[in-house]
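Student: I should like to discuss the fold of this chain. Could we begin with its overall dimensions?

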Amino acid sequence: MASTKTRSRASSNGTNGGQAKVSPQPRLGQSAPEMQRFGTLRTLPIGLPEKARVESCRILNVILSDSMVLAALYKKAHWNAAGPTFYQLHLLFDKHYEEQVELVDALAERVQMLGGISVGDPRHAAELTTIPRPPDGAEEVPVVLSRLLDAHETIIEKVRTGIDATEENKDLGTNDLLMGDVLRRHEMQVWFVAEHTVEMPLVDA
Ligand SMILES: [Fe+2]
């Protein structure tokens with residue numbers, strides 16, 4: 001039976017015998033079982049025992065999920081900022097959103113480097129996060145600030161636990177990421193947000 005495929009190669013004499021060589025048609029609607037299930041590990045030659053890699057992937061995926069949620073909280077806060085500090089908060093919230101998105105990428109790629117599968121779908125992240133869902137409407141600025149600070153602390157506590165676990169397991173690459181990039185970025189963002197909750201007269205001391 002003749003092949004229905006259209007990628008027939010040209011014959012050795014340089015002609016194609018009237019057959020199309022390559023089809024420009026994109027191959028649409030393809031499906032297949034997943035190659036690697038979430039929670040399983042591939043083996044990469046990085047000299048780290050499987051136990052350490054499994055534990056790091058689990059820790060990273062939870063922090064990744066929380067970070068995806070926090071990034072979304074910042075975007076929501078960016079859109080719903082209001083009042084006398086609207087402009088500075090509007091800009092600050094977007095800056096923190098961008099920085100959290102960078103951390104999400106770094107955390108996800110660390111999971112992949114360890115041979116795992118990183119959380120990618122926000123609905124998967126929603127199943128793993130412990131950050132409470134905000135109301136769908138708009139809240140007053142002080143409430144939003146408290147919500148953001150609480151979310152940061154939730155993540156920071158998990159990061160500190162992760163730093164201890166990865167140090168114990170000698171997963172120093174993950175340890176460095178959590179301590180150097182993630183923890184310090186969170187502490188910086190907490191400072192910037194928390195200062196907006198200090199009651200301070202604007203004109204008269
Ligand atoms: Fe914007």
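Tutor: The radius of gyration is taken over C-alpha atoms, and the globule rule is 2.2 Å times the number of residues to the power 0.38. This is a predicted model, in which local features need pLDDT of at least 70 and side-chain atom pairs count only at pLDDT 80 or more, while totals for chains, interfaces and linings use all residues. Residues are numbered from 1 along each chain as its sequence is written.

Student: What radius of gyration does the chain have, set against a compact globule of 205 residues?

Tutor: For a compact globule of 205 residues the value would be near 17 Å. The C-alpha trace spans about 90 × 45 × 30 Å along its principal axes. The radius of gyration of the chain is 24 Å.

Student: Which pattern does the chain follow along the sequence?

Tutor: Helices (H or I, at least four residues) and strands (E, at least two) are DSSP runs, numbered from the N terminus. The chain has five helices and zero strands. Its pattern is therefore written with helix symbols alone: α-α-α-α-α.

Student: How far apart are the end C-alpha atoms of helix H2?

Tutor: The expected span of a helix is 1.5 Å times one less than its number of residues. Helix H2 has 28 residues (86-113), so it should span 40 Å. The model agrees, with the end C-alpha atoms apart by 40 Å.

Student: Against which helices do the buried residues of H2 pack?

Tutor: A residue is buried if 20 or more other C-beta atoms lie within 10 Å of its own, with C-beta atoms placed from the backbone. In H2 the buried residues include Leu-89, Phe-93 and His-96. The buried residues of H2 pack against helices H1 (50-80), H4 (141-168) and H5 (172-194).

Methods
A residue is buried if 20 or more other C-beta atoms lie within 10 Å of its own, exposed if 12 or fewer, and partly exposed in between; C-beta atoms are placed from the backbone. Two residues are in contact if their C-beta atoms, placed from the backbone, lie within 7 Å.
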